[in-house]
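Subject: Handing over a structure

Dear colleague,

I am passing on the structure below, together with some notes on what was found in it. Please have it open while you read, since the notes go from the chain as a whole to single residues.

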Amino acid sequence: MARSKPKRKQVSGAGAAGAITASASNSKLSFRGYFVLNAIFSSFCILQLILVRLLLRDFAGLYFFFIFLMVSFLVVSLFDYFAEKTGLGDQIEGSSVPVNEHP
């Protein structure tokens with residue numbers, strides 16, 4: 001028996017191929033999910049900072065670099081969380097047009 005591929009929603013658009021496909025699954029994270037992602041990334045940055053500090057004598061600027069990475073990731077996560085909550089993230093993959101504006 002042949003396996004069938006998962007069906008994808010097909011929407012006609014003004015793209016070069018004439019059709020834009022989007023995955024039917026909706027993968028929105030909860031606030032807890034974003035918190036866990038930030039905790040994992042922050043622990044990775046702290047681990048890297050500790051390892052680099054142990055291996056190198058000159059570590060000037062490393063604190064700034066890793067703290068900047070953690071804060072930047074937090075800002076992007078907050079932006080993404082609020083974009084999903086307000087509906088700004090409801091766009092077809094690979095398209096700049098929101099889902100509800102396609103004919």
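The chain holds 2 helices and 2 strands, and, read from the N terminus on, these elements follow one another in the order β-β-α-α. Please keep in mind throughout that this is a predicted model.

For the chain overall, 17% of the 103 residues count as buried. The accessible surface amounts to about 8600 Å², and carbon and sulfur atoms contribute 65% of that surface. Among the contacts in the chain with a separation of 6 or more, 54% are between residues 24 or more positions apart.

The two helices come next. Helix α1 covers residues 31–55 and helix α2 covers residues 62–86; they pack with their axes 10 Å apart and at an angle of about 170°. Because angles over 145 degrees count as roughly antiparallel, α1 is described as roughly antiparallel to α2. On the α1 side, the residues that make the contact include F31, Y34, L37, N38 and F41, while on the α2 side they include F66, L69, F73, S77 and Y81. Sorted by character, the residues of this contact of α1 with α2 divide into 16 nonpolar, 4 polar and 3 charged.

One residue of this contact may be worth finding in the viewer, namely S77, whose place is in helix α2. Is S77 buried or exposed? With a relative accessible area of 9%, S77 is buried, since the cut-off for that word is under 20%. Leaving aside residues up to four places away in sequence, S77 touches Y34 and N38, both of which belong to the α1 side of the helix contact.

Then there are the aromatic rings. How many aromatic pairs does a search of the whole structure find? The search finds 6, and two of these are described here.

In the pair formed by F31 and Y81, the ring centres are 5.5 Å apart and the planes make an angle of 70°, an arrangement that is edge-to-face. F31 lies in helix α1 and Y81 in helix α2, so this pair ties together parts that are 50 residues apart in sequence. Y81 itself counts as buried, at 16% relative accessibility.

The pair of F41 and F73, by contrast in its geometry, is stacked, with 4.4 Å from centre to centre and 20° between the planes. Here too the partners come from the two helices, F41 from α1 and F73 from α2, so the pair ties together parts that are 32 residues apart in sequence. F41 is partly exposed, with a relative accessible area of 21%, and F73 is likewise partly exposed, with a value of 28%.

Ring pairs also link F31, Y34, Y81 and F82 into a cluster, so that F31 and Y81, the edge-to-face pair, appear again as members of it. F82 has its place in helix α2 and, at 49% relative accessibility, counts as partly exposed. Although F82 and F31 are 51 residues apart in sequence, their C-alpha atoms are 9.8 Å apart in space.

If you have time for one view, I would suggest α1 and α2 together, with the rings of F31, Y34, Y81 and F82 displayed as the cluster that ring pairs link.

With best wishes

Notes:
Residues are numbered from 1 along each chain as its sequence is written. This is a predicted model: local features need pLDDT of at least 70, side-chain atom pairs count only at pLDDT 80 or more; totals for chains, interfaces and linings use all residues. Side-chain values use heavy atoms; hydrogens and water are left out. Rings of Phe, Tyr and Trp (its six-membered ring) pair if their centres lie within 6.5 Å; planes under 30 degrees apart count as stacked, over 60 as edge-to-face and the rest as tilted. Helices (H or I, at least four residues) and strands (E, at least two) are DSSP runs, numbered from the N terminus. Buried means under 20% relative accessible area, exposed over 50%, partly exposed in between (1.4 Å probe, protein chains only). Axes are lines fitted to C-alpha atoms, for helices over the stretch in contact, and angles run from 0 to 180 degrees between N-to-C directions. Angles under 35 degrees count as roughly parallel, over 145 as roughly antiparallel, 65 to 115 as roughly perpendicular and the rest as oblique. Contact means heavy atoms within 4.5 Å. Ala, Val, Leu, Ile, Met, Phe, Trp, Tyr, Cys and Pro count as nonpolar, Asp, Glu, Lys and Arg as charged, and the others, Gly among them, as polar. Accessible areas come from the Shrake-Rupley method with a 1.4 Å probe; for residues, only the protein chains shown count as cover.
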